[in-house]
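Labels such as buried or antiparallel rest on cut-offs. The questions below ask how each label is earned.

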Amino acid sequence: MIGRPFPGLPTTLALATVILMSGCTHLRAVHPSASPTPGAPPKTAPSSPPATQAPGAPPAFDVVIKDAERQEGLLPLWKRQDKVWIELSPKDFGRAFFLSPKLVTGVGEAGLLGGLLSSRWAQIGRPQWVEFRRVNQQVQLVAINGSFRASPDTPQAQAVQAAFSPSMLASVAVASAAHPQRGSVLVEVSSLLTGDVLGLGQQLQRAFRQSYNLDARNTAITQTRGSPAGLVLQVQQHFATGTLAAPSGSTGPQPSVPTALPDPRSLFITVQYTLSPLPTQAMTPRLADARVGYFTTTVADFSDDLARTPRQRFINRWQIEKKDPKAPLSPPVRPLVYWLDGSIPKDYRGAITEGILAWNKAFEAIGIQQAIEVRDDPAQQPLDIVGKGQAIIRWMTNHQPSFGAIGPTHVDPRSGEILTADIALESLSSRAIRSARAQILQAAPGIDGGTHTDANEAMHPERCEHGELAAEQLAYGLDLLMAQGHLPPDSAEVKAFVLAYLKDTTMHEVGHTLGLRHNFRASRWRSQAELQRPQPEGNSASVMDYVPINLGRPGQPWGDPFQTTLGPYDHWAIEYGYKPLDGPPAEQAQALRRIAQRQADPAWQIALDYGTDEDNALGIDPQALAFDLGRDPVAFARHRLDLARALIARQAAGSWSTEDDATLPRRRISYALRDIARTSTVLTRQVGGLVTRRDAPGSGRALLDPLPAEQQRAALTLLLDEFLSPRSLNLPPALQRQLAPDYFERGEGVLDAHGQMIQTDFSVADQLARLQRDVLGSLMNEALAERLLDNIDKTRDREPQPLTVRELHRRVREAIWSPPGPRIDANREATASWRRNLQRDHVNRLSLGILRGGTRADVRAQLRQQARLLIEQLRRASRGGDPDGTAQAHHRDCLDTLQRALDASVVRSTP
């Protein structure tokens, strides 16, 4: 039975709230009766006669624990058969604890993955600062509201207490009277934690649209473990449904079932709860600076009513201090220890260790020697990472690839101190890379070590997909290096490739566990000339970016393909977060400002520029984006397009044998098309691009700086020529006839890159239409037109010929519709069909823009003008030719759509 929340709060909401965690520590199972000291016998409560008690009062302490075994630890545990009690002494009430849950076992899909840690931004499973409170005969587990505070013992503190409420996670009756000597009481654990505290039943229902519910009879506490550092409880939960809903055939989401279960009506999920004490004295927080990319802890402090804002932001960081503050180089008081879980394959442990220890270089630069250590999971012993200054790296095997690698942390909400962290590496990523390497990699000289791949346009602060697309990106890049012959799957080159990927991915995720966010500006550090030769500090200014493989054309000299070392931004960010600071708070704040101001120093510009997930996702900054490389985005895009065309041409000219995988041509073409699509986003970001710098106002650089018109026009020209012109894409018919699917995966219901069931046919027209729709939608977006108008106003003192809305729409129209009305012969019918799809989309977008009316008069006027010009062009093209032909019918249809849009009345709502 679950402890009931306070009256009026829905039980499911209260229980979902208790989920508190962002990612718990990985612990090995031990028997609940294991004694705290090796070789010591378990402590058993002495048998005593029942004591007389008042009616309605809880039974005596000794009566409850009769024949129970005691486990020492932070909070003593008593266990008898399936009953488990926590002993709470008077000092434990009101004490600051940290509650963290994680999934020990899962189902391998739908986000329910064994070993997965939740985020502090998650709707369920957030880590919480909690305390036990006793109200009469009830013990409440309360989540403290640490987001609002004021100086203690002040009127402001009273106001905060009155304004902001904590949350009760659960409440249970006291199980015993107070111990006669210790004054402690017992609380039954099963009343707190055997229910669906994490809301996993709801998550299963949302994921599969089946009526999964917790089966309380087959749910139980399976392991308990106590130590001075914390308390660990594991609960095996059984979820079941009596019937399975079948797809209805209607539109919209349909019911499905977990595909990795023997019987989809029944599944087990094991949840581990870790309760550890928060430090008695919170770490001195370090103020965040928008110029340096750290995850932050934000509190509203109402102590000073004259402050511009009550919000205070602290960076999330470990407490790493020099043992000898006066020594230029000193070991830490306590090193940050990364434990290698026993689940990591032996062949990969060396590369992962190298990726972790690579960060020691940044700490040595600020005087801390061997700040980070790597240790192996001790055999036959539980790995209880519940204390400060420890992290763990584990290996995960899931039914479907989900993330590649993640590195969440647990943070003290009072100060931003990182208490523990957990990195999970997904094994399917390396298997997919090995498979791809065996199928498409050809021997290539001069390639060694390291990788840095993947792209992620998500805006979620802690979301990281660095490893998710690595297999595809790396396999595509390596295919471009093909020479003669295939490499066998188990060759030394394949193994070296996988190890390099793991080292790079580990470096990236360790950066997250040190508190660092993504930096999507770092990849523009190098010039194109620099990328053509090896660089000691790598291709990117930071390992925290998503960087494509650096590859050259066949026969040309080129630099290192991968990022295998820390860049200058990484060293600078570690200095800001971890450099020992002396003096009073005002002096320390000034020292931090001096470090941050280096970002705008001409000697460091570009190398220290920072832009993160929000800058990337908002889509207006041409320099803060994923999957770009080098200072010249147009040159980079042209280079990548040439590489993709070369790959397609090689497939068209290739001779296939009966030994080849039948799905190989389709996979290679898919790689090329997706890389072409990613390249288009690099170019579209340049048109109307607004560079958003995080400098202080006195840095000497513009903070909102429109991209020079010359650069915008260069990107626009390449976009129009490569994506919207008749030569945009052409796959020979013979190659199209070779693009067979993987029939096994199709039969097993595997989804493609777009989340759809694998189709038998491979429609080049559909691929091209999807790509062109995205490009055209970006160029005809109303927000882009408005930004162009704003950019003209921002640059009227320096830009004699800015890129205008008129020029943009004119060039788009000319690229799509020139030459007007070509005569279509039998050999060009397919190409003409693709062109008509694009022209129809252009007409639809133009008409829709006219009907909407827009918010700017100049934008609306230009849309109507472009429609009139296109109508005249279509009328001229309609004269002559076959009146019943497809082209003429297409022209008449487009004419009709445009004329109706111009004749329609635009209805605007008044404010």
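**Strand E17 and its partners**

In this predicted model, Leu340 of strand E17 has Asp376 as its bridge partner in E18.

Q: How do you know that E17 and E18 are paired?
A: Pairing takes at least two bridges. Five bridges join E17 to strand E18 (residues 372–376). The count meets the cut-off, so the two strands pair. They run parallel.

Q: What makes E19 a partner of E17 as well?
A: Four bridges join E17 to strand E19 (residues 390–396). At least two are needed, so this is a pair too. E17 and E19 run parallel. Within this pairing, Trp339 has Ile392 of E19 as its bridge partner.

Q: Why is strand E17 (residues 336–340) called mostly covered?
A: Five of its five residues are buried. Buried means under 20% relative accessible area.

Q: Which residues of E17 cover each of its faces?
A: Leu336, Tyr338 and Leu340 lie on one side. Val337 and Trp339 lie on the other. All of these are buried, so both faces count as covered. In a regular strand, side chains alternate between the two faces of the sheet.

**The sheet E8-E15-E16**

Q: What makes E8 and E16 edge strands?
A: Three strands form an open sheet in the order E8-E15-E16, with mixed pairing. Strand E8 (148–149) and strand E16 (311–315) each pair on one side only.

Q: How do you know that E8 pairs with E15?
A: Two bridges join E8 to strand E15 (residues 296–301). The cut-off is at least two bridges, so the pair qualifies. The two strands run parallel. Arg149 stands opposite Asp301 in E15.

**Two loop residues with positive phi**

Q: What makes the phi of Asp153 notable?
A: Most residues other than glycine have a negative phi. Asp153 is not a glycine, yet its phi is positive, about 60°. Asp153 sits in the loop between E8 and helix H3 (155–163).

Q: Why is Asp153 called exposed?
A: Its relative accessible area is 81%. Exposed means over 50%, so Asp153 qualifies.

Q: What is the phi of Arg209, and where does this residue lie?
A: Phi of Arg209 is near 55°, a positive value in a residue other than glycine. Arg209 lies in the loop between helix H5 (200–208) and strand E11 (213–214).

Q: Why does Arg209 count as partly exposed?
A: Its relative accessibility is 44%. Buried is under 20% and exposed is over 50%, so Arg209 falls in between.

**Helices H14, H15, H16 and H19**

Q: Why are H14 and H15 called roughly antiparallel?
A: Their axes come within 9 Å and cross at roughly 165°. Angles over 145 degrees count as roughly antiparallel, so the label holds for H14 and H15. Their crossing is left-handed. The contact includes Leu641 and Ala644 of H14 and Ala672 and Ile676 of H15. By class, the contact residues divide into 13 nonpolar, two polar and three charged.

Q: Why does Asp642 count as partly exposed?
A: Asp642 belongs to helix H14 (residues 633–653). Its relative accessibility is 31%. That value lies between 20% and 50%, so Asp642 is partly exposed. Asp642 and Ile676 are 34 residues apart along the chain, and their C-alpha atoms are separated by 9.6 Å.

Q: How do you know that H15 and H16 are roughly antiparallel?
A: Helix H15 (residues 664–684) and helix H16 (residues 709–724) have axes that cross at roughly 150° and come within 9 Å. The cut-off is over 145 degrees, so H15 and H16 qualify. Their crossing is left-handed. Ile676, Ser680, Leu683 and Thr684 of H15 meet Ala715, Leu718, Leu719 and Phe723 of H16. Six of the contact residues are nonpolar, two are polar and none is charged.

Q: What makes H16 and H19 roughly antiparallel?
A: The axes of H16 and helix H19 (residues 764–779) cross at roughly 150° and come within 10 Å. An angle over 145 degrees earns the label, so H16 and H19 are roughly antiparallel. The crossing is left-handed.

Q: Which residues make the contact of H16 with H19?
A: Leu716, Leu719, Leu720, Phe723 and Leu724 in H16 meet Leu771, Gln772, Val775, Leu776 and Leu779 in H19. Nine are nonpolar, one is polar and none is charged.

Technical notes:
Residues numbered from 1 in each chain as written. Predicted model: local features only at pLDDT ≥ 70, side-chain atom pairs only at ≥ 80, totals over all residues. Heavy atoms only, no water. Axes fitted to C-alpha atoms, helices over the stretch in contact; angles between N-to-C directions. Parallel < 35°, antiparallel > 145°, perpendicular 65-115°, else oblique. Left-handed = near helix turned anticlockwise from the far one by under 90°. Contact = heavy atoms within 4.5 Å. Nonpolar A, V, L, I, M, F, W, Y, C, P; charged D, E, K, R; others polar. Buried < 20%, exposed > 50% of the residue type's maximum accessible area, 1.4 Å probe, protein only.
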